Amino acid sequence: MDFIRVRASADGAETISYWTGDVYGWQDDDGPHHLFGFEGLNVARAVEADGGWQLLTREAALYLDPKTRQVLDTWDNPLTGRAVEVQHVFNDPVNQRLGAYPVPATRLGDQVVYNVDIRLAYPSPLKVADYPDNSASDTYRAMELFQFFAAARDLDSGAPGVPCVFSWCRVSPWLPWMAMGQRGGGLVYHCRGAKVAEVPQRLSERVGERFLHAPAEWSGPNMTSWTAFADRAGR
């Protein structure tokens with residue numbers, strides 16, 4: 001499966017994907033506003049299993065001041081006037097099963113582009129009745145839209161891992177820690193990245209050694225910003 005070679009490596013080697021970008025927010029009658037910078041990493045290992053592939057990953061990301069690009073630990077929410085603690089992304093695991101369906105590919109000159117469009121709608125782990133300040137709905141709805149760009153000559157080489165750059169757009173509800181309640185509107189993430197040999201020092205120091213390596217085996221359920229908030233609130 002060529003997409004595995006682009007997204008990770010078919011020989012089971014660890015691959016690091018780094019991204020950087022921005023997060024915008026709007027309300028039904030206001031915006032859009034440039035709320036955050038955003039940078040992060042995903043470390044992946046692909047393993048053949050059950051006639052397909054398991055993509056074993058964990059990921060971490062930091063919210064940044066949109067102007068200075070410094071890491072935010074507290075944030076003065078301009079939409080509510082409230083100061084809140086920023087909860088950065090530390091998702092472990094973030095696993096996927098691949099191979100049941102072909103990943104759409106488009107040849108553009110000497111490049112091949114794979115697009116992965118993920119539409120999500122499932123019961124939210126943060127029920128409005130239990131988390132009125134942190135949940136917009138009892139159903140979590142979002143889209144994750146990826147494009148992975150690889151050189152055709154690299155795909156033709158037969159190498160187990162293929163260099164790639166990628167784009168990522170995410171449309172989602174307000175983050176739980178933003179304390180936006182049931183206000184209309186939401187967030188758009190707009191990022192770009194690549195497979196890299198190493199990540200920027202600031203990011204690697206903040207996320208710690210664990211998030212610089214992929215999981216060794218399948219586990220679940222996957223963690224998200226919503227489940228992480230619920231776990232933290234339940235401590």
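## A tour of salt bridges and cysteines

Begin by selecting R232, which counts as partly exposed at 34% relative accessibility in this predicted model. Add E85 to the selection, and you will find that R232 forms a salt bridge with E85, their closest N and O atoms being 2.6 Å apart. Since R232 belongs to helix α4 (residues 225–233) and E85 to strand β5 (residues 83–85), the pair ties together parts that are 147 residues apart in sequence. E85, for its part, is partly exposed as well, with a relative accessibility of 45%.

Next, select R58, D92 and R210, which are joined into one network by salt bridges that share partners. Within this group, D92 and R58 form a salt bridge whose closest N and O atoms are 3.1 Å apart, and both of these residues are buried.

Then move to helix α1 (residues 2–7), where R5 and D2 are three residues apart and thus separated by about one helical turn. These two form a salt bridge as well, with 2.9 Å between the closest N and O atoms; R5 is buried at 9% relative accessibility, whereas D2 is partly exposed at 38%. Across the whole structure, a search finds nine salt bridges.

Finally, turn to the cysteines, where the count of disulfides is zero. If you select C164, the nearest cysteine sulfur is that of C191, 15 Å away, and C164 itself is buried, with a relative accessible area of 7%. For C169, the nearest cysteine sulfur is again that of C191, at 8.8 Å, and C169 is partly exposed at 23% relative accessibility.

Terms used: Residues numbered from 1 in each chain as written. Predicted model: local features only at pLDDT ≥ 70, side-chain atom pairs only at ≥ 80, totals over all residues. Heavy atoms only, no water. Disulfide = S-S within 2.5 Å. Buried < 20%, exposed > 50% of the residue type's maximum accessible area, 1.4 Å probe, protein only. Salt bridge = Lys/Arg side-chain N within 4 Å of Asp/Glu carboxyl O. Helix = DSSP H or I, 4+ residues; strand = E, 2+ residues; numbered from the N terminus.
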